[in-house]
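Please open the structure in your viewer and keep the sequence panel visible. This tour proposes a series of selections and describes what is found at each one.

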Amino acid sequence: MNQHPTTDHITSLIQEGEFFKLKEALKSFEPNEVVELLEQEEEREQLIIFRLLPLRLATEVFEYLDLDIQKHFLANLSQDKISDILNEMSPDDRTALLEFLPDELVRELIQTLSEPERKVTLELLGYPEYSVGRLMTPDYIAIRESWTVQQVLDYIRRHGGQSETLSVLYVTDERGILIDDIRIREFLLSDPQKHVSELMDRRYVQLTAMQDQEEAIEVFRRNDRVALPVVNDEGVLFGIVTIDDILSIREEEDTEDIQKLGGSEALDAPYLDTPIWKMVQKRAGWLVILLIGEMLTTSAMHHFEDDLQKAAVLGLFIPLIISAGGNAGSQATSLIIRAMSLGEFSLSDWWLVMRRELLSGLALGGILGVVGALRIVLWANYIDPGYFGPYWQLIAVTVGFSLLGIVLWGALSGAMLPMLLRRLGLDPATSSAPFVATLVDVTGLIIYFSVATFVLRGTLL
């Protein structure tokens, strides 16, 4: 084992100012040996030794130190040294340190971290994955109500370069508690001798660090802000969230919903960056489910096999019937999911939605029913007379009323299913258009053959 200078020799080197020799000697120390050395020295000597350690060794030593010594170093070391050490520390050790420090000091220390390390630290500080705390940045301008406008402008010139945005300034008290936010234009247009308190109205919008990101999106939308402050449970200003972060989150959520609407799981990466096998995994599940669902269509057709044998002409209109219902359901699903995501109505408005889709479904079904029946009338009279036999009028009635019923059912189910899933706490986007279309396919056949049995009984059936 290497022989290191004794504690007395280290102390004498410090007293003699032989810092170069001391720095060279410390390079051969192991982290635990430096910790033992520091614990035997006075506070002044501790700082001198620690400042002379290489960055990697200093970081490892810092992680081993007692919390009290860590706090002492944080209070006395230069900002650059603290920043370097915190950025080099392992995330869990850094978080363990920050959890025991005062809120105001934590805010300052987080601000010294690099962007990647800051994200990891915020994550480990306990903010859930989809919380506002994961989005916030500590780069903002905070001012005091006793300052003059001129003091504020001078402060911005000195420190504004580090701020994420200068559109809004935040007024805090001596404890760091947010008491107002003021737009920068108010300072630019005011008398330089005015005090901040004269510009305050104490009306502001804030987010909490534990708040869900989707709620934050809605708050931004309602208040038309470029940035919003984030506070903790005590009202202490911890950071801000800017509109570009919110737009990014909104884009991710919209992309996820659109991908689910197409009948697949949301991708975790851009399309071209997703491995083929991962793409297959994301899409295969829903395709299997939809295939099983479509097997019910086969079962439904088997149930009505005797009717098909008696009136084979009914089989000609099956693709037309089920596609019309599926299309109506897909339309309704897309409209309802988008409206819910924009907060255009709440679940308590389900009856209003149902009534609108009932009227829309009747109108749309009536239009398609007329078009379907008219097609049979024109074919039977002008294009290929006799093709549908002597009962072409009854077939036209069957197809017309079947389309009316199926389109109405498709519109209602496509609108109500997303709301039901939301009520159950599930993602409404999972009631994707293909899923609704499959549901309507099966029920559409039942509606079609039920109408046919009623209308054609005693003739073709």
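Begin by selecting E36, E39, D66 and D68, which together form a negative patch on the surface of this predicted model. Within this group, locate E39 in helix α3, the helix that spans residues 31-40. Is E39 buried, partly exposed or exposed? Its relative accessibility is 44%, so E39 counts as partly exposed.

**The whole chain**

Now display the entire protein as a cartoon. The protein contains 21 helices and six strands. Of its 461 residues, 46% are buried. Its accessible surface amounts to about 24600 Å², and carbon and sulfur atoms hold 56% of that surface. Consider next the contacts between residues with a separation of 6 or more: 66% of these join residues that are 24 or more positions apart.

**A nonpolar patch**

Select V288, L291, I292 and M295. These residues form a nonpolar patch on the surface, and their accessible area together is about 380 Å². One of them, I292, belongs to helix α16, which covers residues 276-303. With a relative accessible area of 48%, I292 is partly exposed.

**Salt bridges**

How many salt bridges does the structure hold? There are seven. Three of the pairs are visited here.

Select D181 and R225 first. Their side chains meet in a salt bridge, with N and O at 2.9 Å. D181 is part of strand β3 (residues 178-183), while R225 sits in the loop between α14 (213-223) and β5 (227-231), so this pair ties together parts that are 44 residues apart in sequence. Both D181 and R225 are buried.

Move on to R203 and D201, whose side chains also meet in a salt bridge, at 3.5 Å from N to O. Colour these two residues by accessibility, if the viewer allows it. R203 counts as exposed, because its relative accessibility is 62%. D201, at 41% relative accessibility, counts as partly exposed.

The next selection is R222 with E218. These two residues form a salt bridge in which the closest N and O atoms are 4.0 Å apart. Why are R222 and E218 separated by about one helical turn? They are four residues apart in helix α14, and therefore about one turn of the helix lies between them. R222 is exposed, with a relative accessibility of 55%. Add R221 to the selection: E218, R221 and R222 are linked in a network of salt bridges.

**Two residues with positive phi**

Select D224, which lies in the loop between α14 and β5. Its phi angle is near 55 degrees, a positive value in a residue other than glycine. D224 counts as exposed, because its relative accessibility is 66%.

Then select R202, in the loop between α13 (196-199) and β4 (207-208). For R202 too, phi is positive and near 55 degrees, and the residue is not glycine. R202 is partly exposed, its relative accessible area being 47%.

**A buried phenylalanine in a loop**

Go to F388, in the loop between α19 (350-383) and α20 (392-423). Is F388 buried or exposed? F388 has a relative accessible area of 6%; residues under 20% count as buried, so F388 is buried.

Show the residues around F388. When neighbours within four places in sequence are left aside, F388 is in contact with V313, L316, F317, R375, I376, W379, A380 and I395. For a distance to check in the viewer, use V377: this residue is eleven residues from F388 along the chain, and their C-alpha atoms are separated by 9.6 Å.

**A glycine in helix α20**

The last stop is G400, which is found in helix α20. At 11% relative accessibility, G400 counts as buried. Which residues does G400 touch, not counting those up to four places away in sequence? They are G369 and A373. Finally, draw a line from the C-alpha atom of G400 to that of I376. The two atoms are 9.6 Å apart in space, and the residues are 24 apart in sequence. I376 was also part of an earlier selection, as one of the residues in contact with F388.

How values were computed:
Residues are numbered from 1 along each chain as its sequence is written. This is a predicted model: local features need pLDDT of at least 70, side-chain atom pairs count only at pLDDT 80 or more; totals for chains, interfaces and linings use all residues. Side-chain values use heavy atoms; hydrogens and water are left out. Buried means under 20% relative accessible area, exposed over 50%, partly exposed in between (1.4 Å probe, protein chains only). Contact means heavy atoms within 4.5 Å. Accessible areas come from the Shrake-Rupley method with a 1.4 Å probe; for residues, only the protein chains shown count as cover. Patches are made of residues with over 30% relative accessible area and no salt bridge: like charges are joined within 9 Å, nonpolar side chains (Val, Leu, Ile, Met, Phe, Trp, Tyr) within 5 Å. Lys and Arg count as positive and Asp and Glu as negative; His and the chain ends are not counted. The place of a charge is taken as NZ of Lys, CZ of Arg, CG of Asp or CD of Glu.
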